[in-house]
Amino acid sequence: MQLTKKQFKKDFEQRLHERFALDLDDSSNYELYYSLGSLVKAYYGDEWRQTNKRKYKNEVKELFYFSIEFLPGRLLKSNLLNLGIIDTVREGLADLGLDLDEVATAEPDMALGNGGLGRLASCFMDSLATCDLPGNGNGVRYDYGLFKQKFVDGYQVEIPDNWLKGGNALEVRKEHKSVTIGFGGQVYLLADQQGRLLPHYENQEIINAVPYDTAMVGYESDTINTMRLWKAEIPEQDEGKFLHSEQRESVADITAVLYPDDSSYEGRLLRLKQEYFFVSAGIQSIVRYYKGMGWSLDRLPERIAVHINDTHPALCIPELMRILLDENAVPWEMAWNITVKVMSYTNHTIMAEALEKWTESMVQELLPRIYQIIYEIDQRFINEMTPKVGYDLVKKTRIIQDGYVHMANMAIIGSHSTNGVAKLHSDLLKNKVLHDFYVLYPERFNNKTNGIAERRWLQLANEPLSQLLDKTIGTFWRRDPKELSLLKAYQDDPAVLNELTVTKELNKQQLAAYCFKNYGIELNTSAIFDVQIKRLHAYKRQLLNLMHILKLYFELKEDPDADRIPRVFIFGAKAAPSYHYAKAIIKCINAVASLINQDANIQGKLKVIFLENYNVSLAELIIPAADVSEQISLASKEASGTSNMKLMLNGAVTVATLDGANVEIKASVGNENIFIFGLTEQEVYDYYESNDYAARKIYDQDPVIKHILDAFVDGTIPGVEREGKEVFDSLIQYNDEYFILQDFPAYCHIQEEVEAAYRDREKWAKMSLINIANAGNFSADDTVKKYAEDIWHISK
């Protein structure tokens, strides 16, 4: 958009006066942010409206992307960048004595996700708009984001993240677009005068779903899509039915928090209720919009695509069937044909425990009509497929098994596409995890490797590097990340390599300043900044990293004068509140950090810091400063990963197993620009087949490993008596589920190679450059274009 600095300053001061009746000198940072945010919303408001009008007029096919997580982070600066006015606003604020970066810190971090799933969804929203593709998000407006993490005596403590405390300057409440959702009660099928069976409900709980829309602004694009998040409210006409505080709280609980604690029956019931709530609200809204255009329902797949992001929204399938069958008198066969053509599904995990399933009784209790439809889908699947492939295969793939409703099975059976998110992951789905489904529906399986929004993770997060790239290869990379490949021409240019090193040092200084201000820990910026930032889970193997840190520490204790390049190990991760083992690892990492950081004898050659409350905004500070990217999950367990892509984009060199998208990063940068170690996926499955892995034997025979593991239980690491035993037992008594001891020697060896490579600063800078130059291969823009062409069939 076109905007002069003079006009902006006038608009901003006027907005501040109108909103808060304040002058600049009397305003808090929050009041300045809210005024700026609402002004920017006004700037793009007309284009947002015009985008919707164009869709209606041109009758384009639209995507609706259902995800229980969206993790957009702060949107103000992203919107300014995408509108092309960030420099104008920055300069205008400076004229007024204000700093844009400081004002932007008042924006709440929209932590409506737990990691890669939600961050991917948000990257896709950004890319869809940037690529002028008609795609909208559908999710939950949680009252509280993913919890704020605090460390108390090294333990994770969860504090509510009241991100809406001051309101949200960028959202629009659309009360006139509300829908009602029914839960519980009884349902009976009774024939009407034409003999058609119709459901009749008794004793249902009716809840209002109110949408809040947030604009998804494309980069240098005229397209502004919508992320719609739903909030649960008591219907105004039913206020008298919710007189007690417990009743009112039960409604608020539906959209209170992401992933309610599922350690109890009530918690699991609330999770299912939450999933159906946002699915039903979204599907009802879509069908209402479609019918309002006067289009016939048999052509729904020509105008609407619904994407199921992981299994949480799998109820989209029976919900669309319910609306077609019960509310629009569509015959079953036609309704099913429409539903399968509309729906597509992304699988994000091969971990069996993450493939959702609900007890039949729970689904019957909460969603009686939906259960009837699922049961009928299951029976028809049995009847159709048994003559074709035999009952044994059908029994293993049906939706209802052993008293459970399997959501992944329903997502595959009820959609026309199932994709993995990295080549290795997709191959594992076809050949191992979902092989039986691949036998049934080979044409439905495909791969779409994840991607990231380089605009946020480079242009916004790393301005020094962005400016260097502009100077070196021009600015077109900002529009087309593949143009980063032009940087390869400078891999032997000493001046460029030196400037690359200087920009990394600037970013390390910024992170070091943050750590000193918030933790009182002084970091040596000439040290290797070794970063592992991701959700805390056993398969991601933060414990492997910790064991290597202990090895280095014990070696320095024996020889403090050893010629070692200093290392700073940086962790960022949250553990699910009920995941006690992950929380034990957090306690152990913090205990080891305290032990090492207070030991003057090792001469500052080793530091460990676990940064509290890892979120998108903190990632934007850590990632540009990283020298080493730790991607060390057990091969075959990580679907893709995206922190690996963000870190390589910012010049970090990857230490990795051949897992997830690491395989494709290796192919992209070459063997000499990545550090690969550990078991392969096939070797892991060989162990599963032979069942002869013996962790205790490794412990007994390897004195280094024995020394490290004993430190968890012999008092060497203070304050972890219970947690240390839990970690020790997980490896020895329970036979090391994720093969940490098997991979440990290879991991230590590759870390020695990292140190040797870092000593040659020119070589390291070249490796960093090659990673940056190839990061354009992992752009979310390219990924959504492939989805659009192959799966959703949407276009500009």
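These are my notebook entries on a few helices, cysteines and one glycine in a predicted model.

**Helix α10**

I began with helix α10, which runs over residues 316–328 and holds 13 residues. From its first C-alpha to its last I found a reach of 17 Å, close to the 18 Å expected at 1.5 Å a residue. I then looked up how far the helix is covered, and twelve of the 13 residues of α10 turned out to be buried. I listed the buried residues by name, and they include the charged-side entries E319, R322 and D326 as well as I317, L320, M321, I323, L324 and L325. The list also takes in C316 and P318 towards the start of the numbering and N328 at its end. Following α10 I came to A329, and I noted that its phi is positive, near 55°.

**Helices α11 and α13**

Next I turned to the packing of helix α11 (residues 332–342) with helix α13 (residues 368–389), where the angle is about 90° and the axes lie 13 Å apart. I therefore entered α11 as roughly perpendicular to α13. On the α11 side I found W332, E333 and W336 making the contact, and on the α13 side I373, E376, I377 and R380. Sorting the residues of this contact by character, I counted four nonpolar and three charged, with no polar residue among them.

**Cysteines**

How many disulfides does the structure hold? I found zero. I checked C123 in particular, and the closest cysteine sulfur to its own is that of C131, at 12 Å, which is too far for a bond. For a disulfide I would need the two sulfur atoms within 2.5 Å. I also looked up the exposure of C123, which is buried with a relative accessible area of 1%. C515 is buried as well, and for this residue I noted a relative accessible area of 0%.

**G154**

Last I looked up G154, which sits in the loop between β5 (145–152) and β6 (155–161). Is G154 buried or exposed? I recorded it as buried, because its relative accessible area is 14% and the cut-off for buried is under 20%. Leaving aside residues up to four places away in sequence, I found that G154 touches I586, K587 and N590. I also took the separation of G154 from D222, and the two are 68 residues apart in sequence and 48 Å apart in space, C-alpha to C-alpha.

Key. Residues are numbered from 1 along each chain as its sequence is written. This is a predicted model: local features need pLDDT of at least 70, side-chain atom pairs count only at pLDDT 80 or more; totals for chains, interfaces and linings use all residues. Side-chain values use heavy atoms; hydrogens and water are left out. Axes are lines fitted to C-alpha atoms, for helices over the stretch in contact, and angles run from 0 to 180 degrees between N-to-C directions. Helices (H or I, at least four residues) and strands (E, at least two) are DSSP runs, numbered from the N terminus. Angles under 35 degrees count as roughly parallel, over 145 as roughly antiparallel, 65 to 115 as roughly perpendicular and the rest as oblique. Contact means heavy atoms within 4.5 Å. Ala, Val, Leu, Ile, Met, Phe, Trp, Tyr, Cys and Pro count as nonpolar, Asp, Glu, Lys and Arg as charged, and the others, Gly among them, as polar. The expected span of a helix is 1.5 Å times one less than its number of residues. Buried means under 20% relative accessible area, exposed over 50%, partly exposed in between (1.4 Å probe, protein chains only).
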